[in-house]
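Work through the following exercises with the sequence and the coordinates side by side, and attempt each task before reading its solution.

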Amino acid sequence: MTKAMLTVRLDEETERQLADILAHEKTDKSELIRRLIAERWLNLQAGRTLVDRRGGHPEHLLQNAPPDLSERANRKKAIAEYLKERHS
């Protein structure tokens with residue numbers, strides 16, 4: 001993992017707030033910033049679907065697929081046929 005140096009300029013009030021947080025959390029600035037970034041990143045991810053977080057649907061997944069695959073019974077049948085062909 002690559003470490004990067006980060007410089008942040010804070011006003012006096014924010015510096016005091018940071019000092020209070022660090023004292024309360026009993027941690028250092030680096031750990032606090034890592035946790036805040038991780039929490040914020042998870043919050044951003046929460047609004048996305050699993051497929052979005054995994055990079056979307058594979059392009060080839062629905063190529064040449066019948067239009068009625070949105071029906072569960074049709075999907076199950078198509079998967080069963082695929083597996084039968086693959087393992088016969």
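Helices (H or I, at least four residues) and strands (E, at least two) are taken here as DSSP runs, numbered from the N terminus. The model is a predicted one, in which local features need pLDDT of at least 70 and side-chain atom pairs count only at pLDDT 80 or more, whereas totals for chains, interfaces and linings use all residues. Residues are numbered from 1 along each chain as its sequence is written, and side-chain values use heavy atoms, with hydrogens and water left out.

**Exercise 1.** Describe the secondary structure and the overall dimensions of the protein.

Solution. Begin with the elements: the protein has four helices and zero strands, which gives the pattern α-α-α-α along the sequence. Next, take the radius of gyration over C-alpha atoms and compare it with the globule rule, 2.2 Å times the number of residues to the power 0.38. The protein has 25 Å, while a compact globule of 88 residues would have a value near 12 Å. Finally, the C-alpha trace spans about 70 × 25 × 20 Å along its principal axes.

**Exercise 2.** Determine what share of the residues is buried, and classify Leu10 and Arg75 by their accessibility.

Solution. First fix the classes: buried means under 20% relative accessible area, exposed over 50%, and partly exposed in between (1.4 Å probe, protein chains only). By that criterion, buried residues make up 5% of the 88 residues. Leu10, placed in the segment before helix H1 (12–25), counts as partly exposed because its relative accessibility is 34%. Arg75, which lies in helix H4 (residues 72–86), is likewise partly exposed, with a relative accessible area of 36%.

**Exercise 3.** Find how many salt bridges there are, and place each pair along the chain.

Solution. Apply the criterion that a side-chain nitrogen of Lys or Arg lies within 4 Å of a carboxyl oxygen of Asp or Glu; the count then comes to three salt bridges.

- Arg16 pairs with Glu13, their closest N and O atoms being 2.7 Å apart, and both residues lie in helix H1, three residues apart, about one turn of the helix.
- Glu25 pairs with Arg35, with 2.5 Å between the closest N and O atoms; this pair links distant parts of the chain, since Glu25 is in helix H1 and Arg35 in helix H2 (residues 29–46), 10 residues apart.
- Glu31 and Arg34 meet at 3.1 Å, N to O, and they are separated by about one helical turn because they are three residues apart in helix H2.
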